[in-house]
Amino acid sequence: MAFLARLGAPVRGFLAFLGDQAHLVLRTLRAGFALRLDQLAVVGGQTSLQTRFTGLDAWILVAGTALLLGAVTLIQAFSQLSGLGAENYIGTLMVLIILRELGPLLTAVLVIGRSSTAIAAELGAMQLNGEVDALAAHGVNPYQYLLLPRWLGVLVSVFALVVFFDAAALGGGFLVARLKYGITWGFFIASVRQALSNLDFAATLLKVFFFSGAITFHACHFGLRVQRSQTEIPQAVTKTVVSALVAVFALDGLIAALLYF
Amino acid sequence: MIQARGLACASPEGRPLLEGLDLTVRPGGNLLVTGSSGSGKSRLLRVLAGTERPRRGEVRIAGIGIWPGEGALSLVGRIRMGFAFASGGLLSNLSLEDNVALPLRFLGLPKSEVARRTAGALDRLGLASVARLRPHAVSGAARKHANLARVLALEPELILLDDPLEGLDTVDRAVALELIEGWVGDSRCTLVLASEEVQVLSELEVDRLQLAPAPTLMESP
C-alpha cells in the first residue's frame with residue numbers, strides 16, 4: 001500500500017499539471033476568440049514585443065548554432081562515410097538529421113533557454129507584485145493581455161527561427177560539401193529537394209505548433225504559480241526549463257512515431 | 001451592488017481572519033472598513049474585487065456571482081471596477097501614463113478620449129511631471145497616487161481603495177482625501193474603502209464595518 005501511495009502522489013500531480021495546462025490553453029483560446037477589434041492594437045503590441053524578444057533578438061544565436069551544426073554534421077558524415085560515396089547522400093543526411101529532427105528540436109531548446117525562462121520569471125514577478133490581479137481588477141483580461149500575446153509571439157518566432165535554422169544549417173553543410181568535394185550549389189539543393197517530402201513540411205509545422213505551445217504554457221503555468229516570495233521565481237524558472245524540455249522531447253518522439261514509424 | 005454571504009477568509013499561513021461575514025452595499029453606497037493591522041481588511045477587499053478566493057462564502061457584484069466563480073474575470077466587460085492597491089499593482093514595464101491608460105485602451109475608448117482622461121487623472125493627482133517614468137523610478141507616494149489616477153481615469157461603477165492614505169505626507173494626503181470625498185458624494189459609484197486611519201476619515205458620510213482583530217495562531221508545543 002505504501003508503495004502504491006508513493007506511486008500515486010506523482011501520478012496525481014502529473015495529471016493535475018496536465019489538467020492545468022489544458023485549462024490554460026482553453027482559457028487562452030477562448031479569450032482569443034472573445035477579443036474585440038478595438039482591443040487588437042493592445043494585444044498586437046504585446047505580441048510584437050514578444051516576437052521581437054523571442055524571434056528577432058535570437059536570430060544571431062540560432063544562425064550561428066545552425067551554421068556550425070550543418071557544417072559539423074557533414075564533416076562527421078564525410079569522415080565516416082568517405083569511400084562509400086558520401087557525396088551522394090548529402091541531401092538525405094541534411095534532411096534526415098537537420099531539417100527533420102535537429103532544426104525544430106534545437107530551435108525549441110534555444111527558445112526554452114532564452115524565452116521560456118524570461119516568461120516564467122516575468123510572470124512570477126508580476127504575480128508577486130500584484131500586477132496580474134490589478135489587470136483583472138481593472139477589466140483587462142490577463143489571458144488576453146499576458147498569455148495570448150506570449151503564445152502568438154512564441155509561435156511566430158519559433159516558426160521563423162526554425163526556417164532560419166534550417167536555412168543556416170543548409171548553408172553550413174553546403175560550405176563543407178563545397179570545400180571537401182567541390183559540390184555545386186545546384187547539385188546540393190537538388191539533392192536536398194530530392195530527399196524532402198511533404199511529410200517533412202507537415203512534421204515541421206506540427207512541431208512548431210506544439211513546441212511553441214509547450215514552451216509558452218509551461219512557462220506561464222510555473223510563472224503564475226508564484227505566490228509569496230521572491231525565492232519562488234528561480235524555482236519557477238528551473239521547473240519551466242526542465243518541464244518544457246521533457247515536453248518538447250516527448251512531443252518530438254510522438255510526432256516522429258506518428259508520422260514516420 | 002455588493003452582496004456577500006457567509007464569507008470566511010484566512011491568512012496565507014492559515015490564520016482565520018473573517019468568519020461568516022454577511023455584507024450588503026447598495027449601488028451608490030459607501031463603506032469604510034476599519035480594523036487593526038492584520039485584521040483582514042485588505043483580504044476582504046481582494047475577495048470583493050475577485051482577485052482572491054475566500055475560504056467559504058458567496059460574493060455577488062451587481063448580481064453577478066464572482067465567488068464561487070471565476071472571480072474578477074466574471075466582471076470583465078460587464079462592470080467597470082477600479083482598485084487602488086495598498087502597494088504594488090502597477091505594471092512595472094509600463095510608464096505611469098501607460099498604466100493609467102491601459103484599462104481605457106482595453107475598454108475600446110477612442111484614442112483622444114484615452115489621452116484626455118489619462119492626462120486629466122495624472123494632472124489631478126499631481127503626476128504630470130513623472131507621467132513618463134516607470135513605477136520603480138518614482139516615490140512610494142507617486143505610486144500610490146498613480147493607483148488612484150488609474151481608478152479616477154476609468155470612471156468605475158465600483159471603487160475599492162486599500163489604505164489609500166498610508167505613507168502619504170500632508171500635501172499628498174489632502175489630494176487623495178479630496179478625491180475620496182468626491183467619490184463618496186458621487187451617487188453613480190459605489191465605494192469600499194479600507195483604512196486604519198479612522199480619525200482622518202471620520203468626517204466621511206459612509207457606512208462603517210469594524211473588523212475584529214484576528215486571533216493569534218498558537219504553535220503547538
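Helix α2(B) is followed by Gly108(B), which has a positive phi near 90°. That glycine makes a handy way into this predicted model, since the helix just before it has plenty going on. Of the 12 residues of α2(B), which spans residues 96-107, 9 are buried, so the helix is largely enclosed by the rest of the structure. The buried set is made up of Leu96(B), Glu97(B), Asn99(B), Val100(B), Ala101(B), Leu102(B), Pro103(B), Leu104(B) and Phe106(B). The cover over these residues comes from both chains: it includes α2 (40-54) of chain A, along with α3 (111-124) and α4 (140-154) of chain B.

The same helix turns up again where the two chains meet. Chain B puts 24 residues into the contact and chain A puts in 16. On the chain B side, β6 (81-84), α2 and α4 are the elements that give two or more residues, and α2(B) has the largest share, with 5 residues. By type, the chain B side splits into 14 nonpolar, 7 polar and 3 charged residues. As for the scores of the model, ipTM and pTM both come out at 0.89.

Zooming out to chain B as a whole, there are 5 helices and 9 strands. Read from the N terminus, the order is β-β-β-α-β-β-β-α-α-α-β-α-β-β. The radius of gyration of chain B is 17 Å, which agrees with the value near 17 Å that a compact globule of 221 residues would have. Along the principal axes, its C-alpha atoms fill a box of roughly 55 × 35 × 35 Å. Buried residues account for 43% of the 221 residues in the chain. Among chain B contacts with a separation of 6 or more, 65% link residues 24 or more positions apart. Confidence for chain B averages a pLDDT of 88, with 96% of its residues at 70 or more.

Strand β7(B), residues 158-162, is a good example of an enclosed element. In β7(B), 5 of the 5 residues are buried, so the strand is largely enclosed by the rest of the structure. In a regular strand, side chains alternate between the two faces of the sheet. Here both faces are covered, with Leu158(B), Leu160(B) and Asp162(B) buried on one side and Ile159(B) and Leu161(B) buried on the other. The strand also has a partner in β6(B), paired in the parallel sense over 4 bridges, and another in β8(B), residues 190-194, again parallel, over 5 bridges. Ile159(B) takes part in both pairings: it is the bridge partner of Gly82(B), and it stands opposite Leu191(B) in β8(B).

The loops on either side of β7(B) each hold a backbone oddity. Most residues other than glycine have a negative phi, and most peptide bonds are trans. Glu155(B), in the loop between α4 and β7 of chain B, has a positive phi near 45°. Asp163(B), in the loop between β7 and α5 (170-184) of chain B, also has a positive phi, about 45°, although it is not a glycine. Their surroundings put them in separate classes: Glu155(B) is partly exposed, with 16 other C-beta atoms within 10 Å, while Asp163(B) is buried, with 21. A cis peptide bond runs from Trp67(B) to Pro68(B), with omega near -5°. Pro68(B) sits in the loop between β5 (64-67) and β6 of chain B.

The largest nonpolar core has 132 residues, and those with the most contacts inside it are Val158(A), Ile215(A), Leu48(B), Ala149(B), Leu160(B) and Val192(B). Helix α6 of chain A, residues 142-181, gives the most to this core, with 20 residues. Leaving out residues up to four places away in sequence, Val158(A) touches Thr107(A), Ala108(A), Val111(A), Val208(A), Phe211(A) and Ser212(A). Elsewhere in chain A, Leu96(A) lies in helix α4, residues 90-128. With 15 C-beta neighbours inside 10 Å, Leu96(A) counts as partly exposed. From Phe17(A), Leu96(A) is 79 residues away in sequence and 33 Å away in space, C-alpha to C-alpha.

Conventions. Residues are numbered from 1 along each chain as its sequence is written. Chains are lettered from A and ligands numbered from 1 in the order in which they are written. This is a predicted model: local features need pLDDT of at least 70, side-chain atom pairs count only at pLDDT 80 or more; totals for chains, interfaces and linings use all residues. A residue is buried if 20 or more other C-beta atoms lie within 10 Å of its own, exposed if 12 or fewer, and partly exposed in between; C-beta atoms are placed from the backbone. Two residues are in contact if their C-beta atoms, placed from the backbone, lie within 7 Å. A nonpolar core is a set of buried Ala, Val, Leu, Ile, Met, Phe, Trp, Tyr and Cys residues joined through C-beta atoms within 7 Å. The radius of gyration is taken over C-alpha atoms; the globule rule is 2.2 Å times the number of residues to the power 0.38. Ala, Val, Leu, Ile, Met, Phe, Trp, Tyr, Cys and Pro count as nonpolar, Asp, Glu, Lys and Arg as charged, and the others, Gly among them, as polar. pLDDT is the predictor's confidence in each residue, from 0 to 100. Two strands pair if DSSP finds at least two bridges between them.
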